[in-house]
Amino acid sequence: MCLLAVQGIGVRTARAASAAEAPALQPSADESAQSLAGFEALVSLGYGASTSNVRNLELEPIALRLGLDVGYVWRFGFRLGLELGYGLGRSVSQRRTTLLGEEFDLTADASSMTGAIAFGYDVPLDFLVLRYSLGMGAISMKWDLGGIPASSFFNEEAWESPTWGFFLAPGASLFWRRGLFEVGLGFDYQVQTNGGIPTGLVGELLTGVKW
């Protein structure tokens with residue numbers, strides 16, 4: 001009986017020791033931080049819509065957008081990258097009043113190209129990664145009023161195509177990673193400094209590799 005009791009105590013002690021060691025199998029904070037570090041290359045497919053007009057003219061220079069983003073993430077989560085984007089834009093039919101007071105039907109067509117430095121911060125959330133971001137860069141918008149001279153509606157001679165400007169784009173993305181592969185959903189809000197380019201909101205699907 002004493003031998004059985006000793007053996008029972010030994011089994012329970014072994015089980016308790018195993019249970020105590022189990023948490024050690026979980027990744028440490030240092031290991032999680034280390035997993036954030038590395039180079040990253042992403043391609044994106046998104047859709048954007050303008051949230052403002054340009055002197056009462058409706059322009060959609062983003063619409064379907066294609067993007068490329070290459071960057072590096074440090075162990076503590078900070079990310080620095082370069083972004084290139086092309087917005088195919090879309091045509092918008094509308095009725096406008098000329099400077100002479102005449103009503104006129106027109107179709108405004110616009111597209112855009114962007115280049116930016118992207119700052120980000122990655123936060124691990126279990127099996128997901130949340131990224132806060134801020135892009136700062138330049139934008140070129142091409143636009144056309146269906147052959148109608150812009151001077152019919154605007155008296156600013158400098159407002160020509162293409163129109164150039166600078167923008168800020170705060171945003172956020174959520175990523176799922178498996179090995180080198182990752183996929184995510186995100187959005188950014190492009191705030192334009194040039195009043196001749198509309199501000200817009202963009203949602204996008206991102207995919208790429210991280211190593």
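Biologist: Taking buried as under 20% relative accessible area, exposed as over 50% and partly exposed as in between (1.4 Å probe, protein chains only), which side chains along strand β8 are buried, and which are not?

Modeller: The side chains alternate along β8 (residues 181-192): Glu182, Gly184, Gly186, Asp188, Gln190 and Gln192 point to one face and are buried, whereas Phe181, Val183, Leu185, Phe187, Tyr189 and Val191 point to the other face and are not. Strands here are DSSP runs of E with at least two residues, helices are runs of H or I with at least four, and both are numbered from the N terminus.

Biologist: Before we go on, what sort of model is this?

Modeller: This is a predicted model, in which local features need pLDDT of at least 70 and side-chain atom pairs count only at pLDDT 80 or more, while totals for chains, interfaces and linings use all residues. Residues are numbered from 1 along each chain as its sequence is written, and side-chain values use heavy atoms, with hydrogens and water left out.

Biologist: How many helices and strands are there, and in what pattern?

Modeller: The protein chain has two helices and nine strands, and along the sequence they follow the pattern α-α-β-β-β-β-β-β-β-β-β. Of its 211 residues, 38% count as buried.

Biologist: Back to β8, then: how many bridges join strand β7 to it?

Modeller: Ten bridges join β7 (residues 163-178) to β8, and these two strands run antiparallel; two strands are taken to pair if DSSP finds at least two bridges between them. Phe175 stands opposite Gly184 in β8, and in the hairpin of β7 and β8, with two residues between the strands, Gly179 takes a positive phi near 65°.

Biologist: And how does β8 pair with β9?

Modeller: β8 and β9 (residues 200-210) also pair in the antiparallel sense, over ten bridges, with Val183 standing opposite Thr207 in β9. The C-alpha atom of that residue, Thr207, is 9.0 Å from the C-alpha atom of Leu45, although the two residues are 162 apart along the chain.

Biologist: What does Glu182 meet in a salt bridge?

Modeller: Its partner is Arg177, and the two side chains meet at 2.6 Å, N to O, where a salt bridge is a side-chain nitrogen of Lys or Arg within 4 Å of a carboxyl oxygen of Asp or Glu. Both Arg177 and Glu182 are buried. Salt bridges that share partners join Glu40, Asp69, Arg79, Asp122, Arg131, Arg177 and Glu182 into one network.

Biologist: Which ring does Arg177 lie over?

Modeller: Arg177 lies over the face of Phe175, at 6.0 Å from the ring centre; the rule asks for NZ of Lys or CZ of Arg within 6 Å of the ring centre and within 35 degrees of the ring normal.

Biologist: Where do Asp69 and Arg79 of that network lie?

Modeller: Their side chains meet in a salt bridge of 3.1 Å, N to O. Asp69 is in strand β2 and Arg79 in strand β3, so the pair ties together parts that are ten residues apart in sequence. Asp69 is buried at 9% relative accessible area, and Arg79 counts as buried at 2%.

Biologist: How many salt bridges are there in the whole structure?

Modeller: The search finds twelve. One of them is Glu60 with Arg90, at 3.9 Å, N to O. That pair links distant parts of the chain, 30 residues apart, with Glu60 in the loop between β1 and β2 and Arg90 in the loop between β3 and β4.

Biologist: Is Glu60 buried or exposed?

Modeller: Glu60 counts as buried, because its relative accessibility is 12%, whereas Arg90, at 38%, counts as partly exposed.

Biologist: Switching topic, how many aromatic pairs are there?

Modeller: The count comes to four. In one of them, Tyr72 and Trp74 have ring centres 4.9 Å apart and planes at 85°, so the pair is edge-to-face. The rule pairs rings of Phe, Tyr and Trp (its six-membered ring) if their centres lie within 6.5 Å, and planes under 30 degrees apart count as stacked, over 60 as edge-to-face and the rest as tilted. Phe39, Tyr72, Trp74, Phe78 and Trp211 form one aromatic cluster.

Biologist: Last one: which residues form the nonpolar patch on the surface?

Modeller: Leu45, Tyr47, Leu64, Leu66, Tyr86, Leu88 and Met113 form it, with about 670 Å² of accessible area together. Patch residues have over 30% relative accessible area and no salt bridge, with like charges joined within 9 Å and nonpolar side chains (Val, Leu, Ile, Met, Phe, Trp, Tyr) within 5 Å. Accessible areas come from the Shrake-Rupley method with a 1.4 Å probe, and for residues only the protein chains shown count as cover. β1 (38-50) and β2 (63-73) each supply at least two residues of the patch, while Leu88 is found in the loop between β3 (78-87) and β4 (91-97).
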